[in-house]
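Reader: Could you take me on a close look at one part of this model, the metal site, and then show me what surrounds it? I'd enjoy one connected walk rather than a list.

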Amino acid sequence: MTRPDFTVPSVAPERLPDLLRAMPKAELHIHIEGSLEPELIFALAGRNGVALPYASVESLRSAYAFTDLQSFLDIYYAGASVLLHEQDFYDMARAYFERAAADNVLRAELFFDPQTHTARGVSMQTVIHGLHRACADAKADFGIDAELILCFLRHLSEEDAFATLEAALPLRDKFIGVGLDSSELGHPPEKFARVFARCRELGLRRVAHAGEEGPPAYIWSALDVLQVERIDHGVQAIHDAELMARLARERVPLTVCPLSNQKLCVFPDLAEHNLGALLDAGLAATVNSDDPAYFGGYMNDNFLQTFAATGLTAQHAYQLGRNAFEGSFASAEAKRGYMAQLEAVFRRFS
Ligand code: HPA
Ligand code: ZN
(Lines give C-alpha, C1' and ligand atoms only; values in the text may rest on other atoms or scores of the structure.)
(Ligands and ions follow the chains in the order given, each with its own letter.)
Protein backbone atom coordinates (compact mmCIF):
# COMPACT_ATOMS: atom_id res chain seq x y z
CA MET A 1 0.00 0.00 0.00
CA THR A 2 1.47 3.37 -0.89
CA ARG A 3 0.73 6.41 1.21
CA PRO A 4 1.71 10.03 1.17
CA ASP A 5 4.65 10.53 3.47
CA PHE A 6 3.82 11.42 7.01
CA THR A 7 6.46 13.15 9.05
CA VAL A 8 6.46 11.78 12.56
CA PRO A 9 6.44 14.77 14.88
CA SER A 10 8.97 14.90 17.65
CA VAL A 11 7.44 13.83 20.92
CA ALA A 12 8.86 14.75 24.32
CA PRO A 13 10.17 11.57 26.02
CA GLU A 14 7.89 12.09 29.02
CA ARG A 15 4.87 12.05 26.69
CA LEU A 16 5.86 8.82 24.95
CA PRO A 17 4.00 6.49 27.37
CA ASP A 18 0.75 8.40 26.84
CA LEU A 19 1.27 8.29 23.08
CA LEU A 20 1.84 4.53 23.24
CA ARG A 21 -1.39 4.07 25.20
CA ALA A 22 -3.42 6.32 22.90
CA MET A 23 -2.09 4.95 19.60
CA PRO A 24 -4.69 3.06 17.57
CA LYS A 25 -3.47 -0.53 17.20
CA ALA A 26 -3.93 -3.75 15.28
CA GLU A 27 -3.27 -6.98 17.14
CA LEU A 28 -2.22 -9.72 14.73
CA HIS A 29 -0.89 -12.36 17.14
CA ILE A 30 -3.20 -13.27 20.00
CA HIS A 31 -4.12 -16.86 20.85
CA ILE A 32 -7.58 -16.40 22.26
CA GLU A 33 -7.07 -19.38 24.59
CA GLY A 34 -4.04 -17.50 25.91
CA SER A 35 -6.29 -14.66 27.06
CA LEU A 36 -8.00 -16.89 29.66
CA GLU A 37 -7.23 -15.20 32.96
CA PRO A 38 -6.91 -17.48 36.03
CA GLU A 39 -10.09 -15.96 37.51
CA LEU A 40 -12.07 -16.91 34.39
CA ILE A 41 -10.48 -20.38 34.32
CA PHE A 42 -11.77 -20.97 37.85
CA ALA A 43 -15.18 -19.47 37.09
CA LEU A 44 -15.60 -21.72 34.03
CA ALA A 45 -14.30 -24.75 35.91
CA GLY A 46 -16.96 -24.15 38.57
CA ARG A 47 -19.71 -23.55 36.01
CA ASN A 48 -18.79 -26.70 34.06
CA GLY A 49 -17.81 -29.03 36.90
CA VAL A 50 -14.25 -29.43 35.59
CA ALA A 51 -11.63 -30.39 38.19
CA LEU A 52 -8.39 -28.40 38.05
CA PRO A 53 -5.03 -29.58 39.41
CA TYR A 54 -4.69 -26.22 41.25
CA ALA A 55 -6.41 -25.30 44.51
CA SER A 56 -6.79 -21.58 43.84
CA VAL A 57 -6.31 -18.72 41.42
CA GLU A 58 -3.12 -17.85 43.30
CA SER A 59 -1.64 -21.33 43.06
CA LEU A 60 -2.42 -21.46 39.34
CA ARG A 61 -0.84 -18.07 38.77
CA SER A 62 2.23 -19.07 40.76
CA ALA A 63 2.74 -21.97 38.31
CA TYR A 64 3.33 -19.41 35.54
CA ALA A 65 7.12 -19.62 35.73
CA PHE A 66 8.21 -20.79 32.31
CA THR A 67 11.60 -21.88 31.05
CA ASP A 68 10.77 -22.41 27.39
CA LEU A 69 7.83 -22.75 24.99
CA GLN A 70 6.92 -26.31 25.99
CA SER A 71 6.79 -25.51 29.71
CA PHE A 72 4.20 -22.85 28.86
CA LEU A 73 2.20 -24.98 26.41
CA ASP A 74 1.64 -27.70 29.04
CA ILE A 75 -0.13 -25.20 31.34
CA TYR A 76 -1.86 -23.40 28.45
CA TYR A 77 -3.55 -26.60 27.24
CA ALA A 78 -4.54 -27.48 30.82
CA GLY A 79 -6.16 -24.05 31.21
CA ALA A 80 -8.17 -24.51 28.01
CA SER A 81 -9.73 -27.70 29.40
CA VAL A 82 -12.45 -25.67 31.16
CA LEU A 83 -13.95 -24.56 27.81
CA LEU A 84 -16.93 -26.76 26.96
CA HIS A 85 -19.88 -24.73 25.74
CA GLU A 86 -20.42 -22.06 23.11
CA GLN A 87 -20.99 -19.47 25.83
CA ASP A 88 -17.57 -20.31 27.36
CA PHE A 89 -15.84 -19.43 24.10
CA TYR A 90 -17.93 -16.29 23.84
CA ASP A 91 -17.11 -15.20 27.40
CA MET A 92 -13.39 -15.79 26.88
CA ALA A 93 -13.27 -13.70 23.70
CA ARG A 94 -15.54 -11.04 25.20
CA ALA A 95 -13.12 -10.54 28.09
CA TYR A 96 -10.27 -10.14 25.60
CA PHE A 97 -12.18 -7.55 23.57
CA GLU A 98 -12.87 -5.48 26.68
CA ARG A 99 -9.11 -5.35 27.34
CA ALA A 100 -8.32 -4.69 23.69
CA ALA A 101 -10.78 -1.80 23.55
CA ALA A 102 -9.13 -0.24 26.59
CA ASP A 103 -5.79 -0.46 24.74
CA ASN A 104 -7.18 1.27 21.63
CA VAL A 105 -7.07 -1.84 19.45
CA LEU A 106 -9.07 -1.11 16.29
CA ARG A 107 -8.47 -4.44 14.61
CA ALA A 108 -7.79 -7.89 16.05
CA GLU A 109 -7.06 -11.12 14.18
CA LEU A 110 -7.57 -13.90 16.72
CA PHE A 111 -5.89 -17.29 16.59
CA PHE A 112 -7.82 -20.25 17.94
CA ASP A 113 -6.71 -23.87 18.39
CA PRO A 114 -9.69 -26.11 17.51
CA GLN A 115 -7.78 -29.36 18.02
CA THR A 116 -7.32 -28.53 21.70
CA HIS A 117 -11.10 -28.62 22.00
CA THR A 118 -12.24 -31.22 19.48
CA ALA A 119 -9.84 -33.72 21.10
CA ARG A 120 -11.94 -33.31 24.29
CA GLY A 121 -15.22 -33.92 22.47
CA VAL A 122 -16.16 -30.24 21.94
CA SER A 123 -17.54 -29.71 18.44
CA MET A 124 -16.03 -27.39 15.85
CA GLN A 125 -19.40 -25.59 15.71
CA THR A 126 -19.35 -24.89 19.43
CA VAL A 127 -15.87 -23.35 19.21
CA ILE A 128 -16.39 -21.27 16.08
CA HIS A 129 -19.93 -20.10 16.81
CA GLY A 130 -18.97 -18.85 20.27
CA LEU A 131 -15.90 -17.00 19.03
CA HIS A 132 -17.61 -15.63 15.95
CA ARG A 133 -20.52 -14.21 17.95
CA ALA A 134 -18.02 -12.45 20.23
CA CYS A 135 -16.29 -10.99 17.16
CA ALA A 136 -19.59 -9.64 15.82
CA ASP A 137 -20.40 -8.08 19.19
CA ALA A 138 -16.89 -6.58 19.41
CA LYS A 139 -17.69 -4.53 16.33
CA ALA A 140 -21.10 -3.49 17.63
CA ASP A 141 -20.03 -2.71 21.21
CA PHE A 142 -16.39 -1.58 20.92
CA GLY A 143 -15.92 -0.72 17.24
CA ILE A 144 -13.23 -3.41 16.94
CA ASP A 145 -12.93 -5.20 13.59
CA ALA A 146 -12.25 -8.79 14.57
CA GLU A 147 -11.55 -11.86 12.46
CA LEU A 148 -10.62 -15.46 13.25
CA ILE A 149 -7.59 -17.49 12.12
CA LEU A 150 -7.73 -21.24 12.66
CA CYS A 151 -4.40 -22.66 13.85
CA PHE A 152 -3.18 -26.21 13.32
CA LEU A 153 -1.22 -27.72 16.19
CA ARG A 154 2.13 -28.65 14.69
CA HIS A 155 2.93 -31.37 17.25
CA LEU A 156 -0.03 -33.34 15.82
CA SER A 157 -0.04 -35.09 12.44
CA GLU A 158 -0.72 -33.84 8.94
CA GLU A 159 -3.70 -36.21 8.89
CA ASP A 160 -5.15 -34.58 12.01
CA ALA A 161 -4.67 -31.14 10.45
CA PHE A 162 -6.52 -32.25 7.29
CA ALA A 163 -9.38 -33.64 9.38
CA THR A 164 -9.55 -30.35 11.28
CA LEU A 165 -9.70 -28.36 8.06
CA GLU A 166 -12.50 -30.62 6.76
CA ALA A 167 -14.47 -30.18 9.97
CA ALA A 168 -14.14 -26.39 9.75
CA LEU A 169 -15.03 -25.96 6.08
CA PRO A 170 -18.81 -25.87 6.64
CA LEU A 171 -18.02 -22.73 8.70
CA ARG A 172 -15.66 -21.30 6.09
CA ASP A 173 -17.40 -17.91 6.17
CA LYS A 174 -16.54 -17.47 9.86
CA PHE A 175 -12.71 -17.51 9.63
CA ILE A 176 -10.37 -15.78 7.24
CA GLY A 177 -7.28 -17.93 7.36
CA VAL A 178 -5.09 -20.54 8.92
CA GLY A 179 -1.97 -20.55 11.09
CA LEU A 180 0.47 -23.01 12.61
CA ASP A 181 1.34 -23.03 16.30
CA SER A 182 2.36 -25.18 19.30
CA SER A 183 5.74 -26.93 19.81
CA GLU A 184 8.06 -25.57 17.15
CA LEU A 185 11.32 -27.51 17.50
CA GLY A 186 11.17 -30.83 15.64
CA HIS A 187 8.00 -29.82 13.78
CA PRO A 188 9.17 -27.78 10.77
CA PRO A 189 6.67 -25.98 8.56
CA GLU A 190 7.17 -28.43 5.68
CA LYS A 191 5.39 -31.10 7.74
CA PHE A 192 2.21 -29.22 6.73
CA ALA A 193 3.09 -28.46 3.09
CA ARG A 194 0.06 -30.27 1.66
CA VAL A 195 -2.38 -28.84 4.20
CA PHE A 196 -1.28 -25.29 3.45
CA ALA A 197 -1.38 -25.96 -0.30
CA ARG A 198 -5.01 -26.99 0.10
CA CYS A 199 -5.73 -23.89 2.18
CA ARG A 200 -4.18 -21.75 -0.54
CA GLU A 201 -6.51 -23.36 -3.13
CA LEU A 202 -9.42 -22.57 -0.84
CA GLY A 203 -8.46 -18.90 -0.77
CA LEU A 204 -7.58 -18.86 2.93
CA ARG A 205 -5.02 -16.37 4.28
CA ARG A 206 -1.91 -18.10 5.66
CA VAL A 207 0.42 -17.38 8.55
CA ALA A 208 2.75 -19.58 10.62
CA HIS A 209 4.78 -19.40 13.79
CA ALA A 210 8.42 -19.67 12.78
CA GLY A 211 11.66 -18.57 14.35
CA GLU A 212 10.34 -18.21 17.89
CA GLU A 213 12.64 -20.93 19.25
CA GLY A 214 13.24 -22.60 15.89
CA PRO A 215 16.03 -21.76 13.42
CA PRO A 216 15.94 -19.33 10.48
CA ALA A 217 15.50 -22.38 8.22
CA TYR A 218 11.94 -22.67 9.56
CA ILE A 219 11.24 -19.08 8.47
CA TRP A 220 12.56 -19.85 4.98
CA SER A 221 10.31 -22.91 4.68
CA ALA A 222 7.26 -21.11 6.08
CA LEU A 223 7.73 -18.57 3.28
CA ASP A 224 8.76 -20.88 0.46
CA VAL A 225 6.91 -24.11 1.24
CA LEU A 226 3.80 -22.93 3.09
CA GLN A 227 3.74 -19.60 1.21
CA VAL A 228 2.62 -17.71 4.29
CA GLU A 229 1.84 -14.00 4.18
CA ARG A 230 3.13 -13.21 7.67
CA ILE A 231 5.60 -14.80 10.06
CA ASP A 232 4.53 -15.13 13.68
CA HIS A 233 7.46 -14.24 15.97
CA GLY A 234 10.36 -14.56 13.49
CA VAL A 235 12.86 -13.04 15.91
CA GLN A 236 15.48 -15.72 15.10
CA ALA A 237 15.78 -14.20 11.61
CA ILE A 238 18.44 -11.95 13.13
CA HIS A 239 20.94 -14.85 12.82
CA ASP A 240 20.63 -15.03 9.01
CA ALA A 241 21.70 -11.95 7.04
CA GLU A 242 20.28 -13.21 3.75
CA LEU A 243 16.91 -13.88 5.37
CA MET A 244 16.91 -10.44 7.02
CA ALA A 245 17.51 -8.85 3.62
CA ARG A 246 14.66 -10.82 2.08
CA LEU A 247 12.20 -10.03 4.88
CA ALA A 248 13.06 -6.34 4.57
CA ARG A 249 12.86 -6.32 0.77
CA GLU A 250 9.52 -8.15 0.67
CA ARG A 251 8.18 -6.30 3.73
CA VAL A 252 6.98 -9.58 5.24
CA PRO A 253 5.16 -8.71 8.47
CA LEU A 254 6.63 -10.25 11.63
CA THR A 255 4.21 -10.48 14.53
CA VAL A 256 6.65 -10.02 17.39
CA CYS A 257 5.54 -10.63 21.00
CA PRO A 258 8.08 -9.06 23.37
CA LEU A 259 6.63 -10.05 26.75
CA SER A 260 6.08 -13.59 25.49
CA ASN A 261 9.71 -13.76 24.37
CA GLN A 262 10.82 -12.53 27.77
CA LYS A 263 8.64 -14.98 29.73
CA LEU A 264 9.65 -17.97 27.56
CA CYS A 265 13.33 -17.04 27.86
CA VAL A 266 13.78 -16.42 24.12
CA PHE A 267 15.78 -13.38 25.27
CA PRO A 268 17.49 -13.30 28.65
CA ASP A 269 15.98 -9.89 29.37
CA LEU A 270 13.51 -7.51 27.74
CA ALA A 271 16.32 -4.95 27.43
CA GLU A 272 18.06 -7.36 25.06
CA HIS A 273 15.04 -7.84 22.81
CA ASN A 274 15.85 -7.33 19.12
CA LEU A 275 12.65 -5.47 18.12
CA GLY A 276 14.59 -2.24 17.54
CA ALA A 277 17.20 -4.06 15.45
CA LEU A 278 14.49 -5.64 13.29
CA LEU A 279 12.81 -2.27 12.71
CA ASP A 280 16.09 -0.50 12.04
CA ALA A 281 16.95 -3.17 9.44
CA GLY A 282 13.72 -2.29 7.62
CA LEU A 283 11.63 -5.32 8.61
CA ALA A 284 7.87 -4.91 9.00
CA ALA A 285 7.84 -5.89 12.67
CA THR A 286 4.74 -5.41 14.82
CA VAL A 287 4.01 -5.69 18.56
CA ASN A 288 1.49 -8.23 19.87
CA SER A 289 0.55 -9.95 23.12
CA ASP A 290 0.54 -13.67 22.12
CA ASP A 291 -0.94 -15.13 25.35
CA PRO A 292 -1.57 -12.07 27.50
CA ALA A 293 -3.06 -13.86 30.51
CA TYR A 294 0.08 -15.98 30.83
CA PHE A 295 2.78 -13.50 29.89
CA GLY A 296 1.82 -10.56 32.07
CA GLY A 297 0.38 -8.12 29.63
CA TYR A 298 -1.96 -7.05 26.88
CA MET A 299 -1.07 -4.69 24.00
CA ASN A 300 -0.33 -1.55 25.99
CA ASP A 301 1.77 -3.49 28.50
CA ASN A 302 3.82 -4.89 25.62
CA PHE A 303 4.37 -1.46 24.12
CA LEU A 304 5.09 0.34 27.38
CA GLN A 305 7.43 -2.23 28.88
CA THR A 306 9.34 -2.81 25.64
CA PHE A 307 9.83 0.88 24.95
CA ALA A 308 10.92 1.50 28.54
CA ALA A 309 13.39 -1.40 28.48
CA THR A 310 14.92 -0.80 25.04
CA GLY A 311 14.68 2.95 24.49
CA LEU A 312 12.63 2.89 21.29
CA THR A 313 11.32 6.24 20.02
CA ALA A 314 8.13 7.83 18.69
CA GLN A 315 9.43 7.09 15.19
CA HIS A 316 9.57 3.38 16.07
CA ALA A 317 6.08 3.61 17.58
CA TYR A 318 4.69 5.07 14.37
CA GLN A 319 6.41 2.41 12.28
CA LEU A 320 5.05 -0.35 14.53
CA GLY A 321 1.53 1.05 14.27
CA ARG A 322 1.73 1.38 10.51
CA ASN A 323 3.31 -2.06 10.02
CA ALA A 324 0.45 -3.65 11.93
CA PHE A 325 -2.33 -1.95 9.98
CA GLU A 326 -0.63 -2.56 6.64
CA GLY A 327 0.20 -6.17 7.56
CA SER A 328 -3.34 -6.92 8.66
CA PHE A 329 -5.83 -8.76 6.47
CA ALA A 330 -8.20 -5.78 6.45
CA SER A 331 -9.46 -4.25 3.20
CA ALA A 332 -7.45 -1.45 1.59
CA GLU A 333 -10.24 0.95 2.50
CA ALA A 334 -10.21 -0.07 6.17
CA LYS A 335 -6.41 0.28 6.23
CA ARG A 336 -6.68 3.86 4.97
CA GLY A 337 -9.14 4.61 7.77
CA TYR A 338 -6.88 3.07 10.43
CA MET A 339 -3.86 5.00 9.15
CA ALA A 340 -5.76 8.28 9.25
CA GLN A 341 -6.61 7.60 12.90
CA LEU A 342 -3.01 6.66 13.71
CA GLU A 343 -1.66 9.83 12.16
CA ALA A 344 -4.26 12.00 13.87
CA VAL A 345 -3.10 10.72 17.25
CA PHE A 346 0.55 11.36 16.43
CA ARG A 347 -0.32 14.91 15.36
CA ARG A 348 -2.10 15.43 18.65
CA PHE A 349 1.12 14.55 20.53
CA SER A 350 3.42 16.83 18.53
N1 HPA B 1 4.14 -20.36 20.20
C2 HPA B 1 3.65 -21.50 19.74
N3 HPA B 1 2.43 -21.93 20.03
C4 HPA B 1 1.67 -21.18 20.82
C5 HPA B 1 2.13 -19.99 21.34
C6 HPA B 1 3.43 -19.56 20.99
O7 HPA B 1 3.94 -18.49 21.40
N8 HPA B 1 1.14 -19.51 22.10
C9 HPA B 1 0.11 -20.37 22.03
N10 HPA B 1 0.43 -21.40 21.25
ZN1 ZN C 1 1.88 -17.34 19.31
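Author: Happily! The site of the zinc ion (ligand 2) is irregular, with angles of 82 to 174° among its 4 donor atoms. Four donors count as tetrahedral if all angles lie between 85 and 135 degrees, and as square planar if opposite donors are over 155 degrees apart and all others between 65 and 115; anything else is irregular. Keep in mind that this is a predicted model, in which local features need pLDDT of at least 70 and side-chain atom pairs count only at pLDDT 80 or more, while totals for chains, interfaces and linings use all residues. Residues are numbered from 1 along each chain as its sequence is written, chains are lettered from A and ligands numbered from 1 in the order in which they are written, and side-chain values use heavy atoms, with hydrogens and water left out.

The donors themselves are His29 (NE2), His31 (NE2), His209 (NE2) and Asp290 (OD), at 2.0 to 2.2 Å. Donors here are N, O and S atoms within 2.8 Å of the metal (3.2 Å for Na, K and Ca), and water is not among the atoms, so sites may look incomplete. Along the chain, the spacing of these donors reads H-x1-H-x177-H-x80-D. His29 sits in strand β1 (residues 25-31) and His209 in strand β5 (residues 205-210), so this pair ties together parts 180 residues apart in sequence. Strands (E, at least two residues) and helices (H or I, at least four) are DSSP runs, numbered from the N terminus.

Now for the histidines. His29 is buried at 0% relative accessibility, and His209 is buried too, with a relative accessible area of 4%. Buried means under 20% relative accessible area, exposed over 50% and partly exposed in between (1.4 Å probe, protein chains only). The side chains of His209 and His31 make a polar contact at 3.0 Å; such a contact is a pair of N or O atoms within 3.5 Å, where within protein one must be able to donate a hydrogen and the other to accept it, and residues adjacent in sequence count only if both atoms are side-chain atoms. Leaving out residues up to four places away in sequence, His209 also touches, among others, Phe111, Arg154, Glu184, Asp232 and His233, contact meaning heavy atoms within 4.5 Å.

Strand β1 leads us on to helix α5 (residues 86-102), as β1 is among the elements that cover the buried residues of α5, together with others including α2 (38-48) and β3 (145-153). Among those buried residues are Asp88, Arg94 and Phe97.

Notes. Four donors count as tetrahedral if all angles lie between 85 and 135 degrees; four count as square planar and six as octahedral if opposite donors are over 155 degrees apart and all others between 65 and 115; anything else is irregular. The expected span of a helix is 1.5 Å times one less than its number of residues.
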